[in-house]
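Here are some short exercises to work through with the structure open beside you. Try each task before reading its solution.

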Amino acid sequence: MELSSAEEKLLRGEGGEAKRFAMEIVSAVGDAVGADSLVPIKSAHVLAHYSSLHDAGVDVLERFAESEGKFAVPTSVDPASIDLQQWRSFGIPEEYARQQFRLCDAYAKLGGMRCWTCVQYQVCNFPKAGEAVAWAESSAVVFANSVLGARSNKITAGMDVACAILGLTPRFGMLEDEKRVASIAFKLQAGALDDLDYRSVGFYIGRKAGSRVPALLGLPSGITSDVIKHLGAAAAAAGPVTMVHLPGVTPGTKTLADATNGGAVETMDITRSELEQVQSDLNQTEEFPDLVAFGVPHLSVNELGLLSKMLEGRKLKQGVRMYAYTSAQAFDMAERTGILEGIEAAGARVSHSTDAEISPLRKLGFNVVMTNSAKLAEIVSSEGEIRIRYASQKQIIEEVSS
Amino acid sequence: MTPMKGKALISGRARGKAVVSAKAFTFAHGVDPSTGTVTDVRSDVKGFNLKDKVLFYPFGKGSTTASSWFLETVRLGNHPAAIVTEGVDLSAVIGSVMSKLVYGKDIPVVSGIPRSSYSTVKSGEEVIVDADEVTLQT
């Protein structure tokens, strides 16, 4: 990879230790993936949650903060591993919280926006079509490429902070026009779909596309960005997908031919049978759950409103908790509009600035988690300790409340 | 056997027993850093230990936290000796770069070796990774 003379100087340490370390990371990764140069980014999104960064991640983030690093571009942050305000009432151990707060302090010192959400594109980070960004959070990367038309690779932990400190990222992958061309198409042939079906569609695509960029045909025209958010998250959880062309939604993609650059591609139908196959694969048990989790990725205030409405006049049964995960901003709005009160009246809780898959669920004593999130189902079962029940929001509410 | 030829993303030399997966792989939530053992119920190498092994998989999946799970595995000394993939798994590349810079550990990463080629290698067999080449020891 070719570095400009200004970038060479940063690599020699002339811009300070934080930029030197960042440039060392970014140039090594750029060389490895065959990038030709570094390009400016409009924003970054980084990870700072203890459950996945572990002590190694604390080492790295504190190293940047202690060497006086500052983010060069607007930078948002993924959820923390604990509810930053209500953590004690959720039973989080002190020692665990302390490591998370070390990450919070280092992140704050670097100058990031303290949004603590995986849906930064619904809260505080809004790139336009065509702009390059360096985002971590696989679900947000799919949203950026597929819905906003911005350009991001799946920037993983360590590299994310380095890109944010430099305001630069290597030009490769999703930043190149030719790498964004679809080479496989999926066609929805499954009739009317509910919340669970859309996530199963995403999961199926993620599993079958492999490293090809997929296009998805047959989505109804009124589909909401919240539905696409969950579909994309499921796709990214199941495979290496970083973008799904959605004709009529993705900027520059009106038709399949736009997505494939006119090329003919293999097309796979998604019928009821493919969705049932995903559902039976993700569903591991028929046990009554001890936790219901909604909001992986974070629910919008509209989704919280829908949940509140569905819970109206109902009470949770004995032995089950229901947590809805969201951003602090959506929590605040839900509080002001009575939505929060509605959810709490049923015995459920709203947790903000954290999320289920990065919470210490096992430490909190949960064994069976019921969810409509394919992403949560995939991640939690990967750790091999908690059993997952995968069902629609309607089915879950009918089963766990009366 | 003739060496399988790929592209060294992180060039180096390593030798170890193979752990061979035909499915999308992730360290995030899928490997226990404190032991190096694969925990992912959807992985075909669940239960295998990765410490000092040469890990084969076609491509990555899931969370962008994979590189930090990888790095924690390195911090605790339970990491694989090398990684061989079909597509470019950015989290393996970034994990390896961070391993070198933060903990001084070299973990070669080779991509461009398709499942159809590496499926001739069985888990437990000894392989050598040397820059672009991966060779089964017979």
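Before starting, a word on helix axes: they are lines fitted to C-alpha atoms over the stretch in contact, and angles run from 0 to 180 degrees between N-to-C directions. Please also keep in mind that this is a predicted model.

**Exercise 1. Describe how α1(B) and α2(B) pack: at what angle do their axes cross, and which residues make the contact?**

Step 1: look at the axes. Those of α1(B) and α2(B) cross at roughly 40° and come within 8 Å of each other.

Step 2: classify the angle. Angles under 35 degrees count as roughly parallel and 65 to 115 as roughly perpendicular. The crossing therefore makes α1(B) oblique to α2(B).

Step 3: add the hand. α1(B) and α2(B) cross in a right-handed way.

Step 4: list the residues. From α1(B) come Ala66(B), Ser67(B), Phe70(B), Leu71(B), Val74(B) and Arg75(B). From α2(B) come Ser91(B), Ile94(B), Gly95(B), Met98(B), Ser99(B), Val102(B) and Tyr103(B). Sorted by class, this contact has eight nonpolar, four polar and one charged residues.

**Exercise 2. Work out which elements of chain B give two or more residues to the side that touches chain A.**

Step 1: count the residues. On chain B, 34 residues are in contact with 38 residues of chain A.

Step 2: assign them to elements. Two or more residues each come from β2 (7–10), α1 (66–75) and α2 (90–103) of chain B. The largest share, eight residues, belongs to α2(B).

Step 3: sort by class. The side of chain B that touches chain A holds 18 nonpolar, 12 polar and four charged residues.

**Exercise 3. Decide whether His54(A) and Glu137(A) are buried or exposed, and say what is notable about their phi values.**

Step 1: place the residues. His54(A) sits in helix α3 (residues 50–66) of chain A, whereas Glu137(A) lies in the loop between β4 (134–135) and α5 (138–148) of chain A.

Step 2: check phi. His54(A) has a phi near 60°, and Glu137(A) has one near 80°. Both are worth a second look because most residues other than glycine have a negative phi.

Step 3: count neighbours. The cut-off for a buried residue is 20 or more other C-beta atoms within 10 Å. His54(A) has 21, so it is buried. Glu137(A) has 32 C-beta neighbours inside 10 Å and so is buried too.

**Exercise 4. Find where the cis peptide bond from Val296(A) to Pro297(A) lies in the secondary structure.**

Step 1: identify the bond. From Val296(A) to Pro297(A), omega is near 0°, so the bond is cis.

Step 2: locate the proline. Pro297(A) belongs to strand β9 (residues 291–299) of chain A.

**Exercise 5. Test each chain against the radius of gyration of a compact globule.**

Step 1: take chain B. For 138 residues the globule value is near 14 Å, and chain B agrees with its 13 Å. Its C-alpha atoms fill a box of roughly 35 × 30 × 20 Å, and 57% of its residues are buried.

Step 2: take chain A. For 402 residues the value is near 21 Å, and chain A agrees with 21 Å. The box for chain A is roughly 65 × 55 × 40 Å, and 55% of its residues count as buried.

Step 3: add the secondary structure. Chain B has three helices and 10 strands, while chain A comes to 15 helices and 13 strands.

Conventions:
Residues are numbered from 1 along each chain as its sequence is written. Chains are lettered from A and ligands numbered from 1 in the order in which they are written. This is a predicted model: local features need pLDDT of at least 70, side-chain atom pairs count only at pLDDT 80 or more; totals for chains, interfaces and linings use all residues. Two residues are in contact if their C-beta atoms, placed from the backbone, lie within 7 Å. Helices (H or I, at least four residues) and strands (E, at least two) are DSSP runs, numbered from the N terminus. Ala, Val, Leu, Ile, Met, Phe, Trp, Tyr, Cys and Pro count as nonpolar, Asp, Glu, Lys and Arg as charged, and the others, Gly among them, as polar. Angles under 35 degrees count as roughly parallel, over 145 as roughly antiparallel, 65 to 115 as roughly perpendicular and the rest as oblique. A crossing is left-handed if the near helix is turned anticlockwise from the far one by less than a right angle, and right-handed if clockwise. The radius of gyration is taken over C-alpha atoms; the globule rule is 2.2 Å times the number of residues to the power 0.38. A residue is buried if 20 or more other C-beta atoms lie within 10 Å of its own, exposed if 12 or fewer, and partly exposed in between; C-beta atoms are placed from the backbone.
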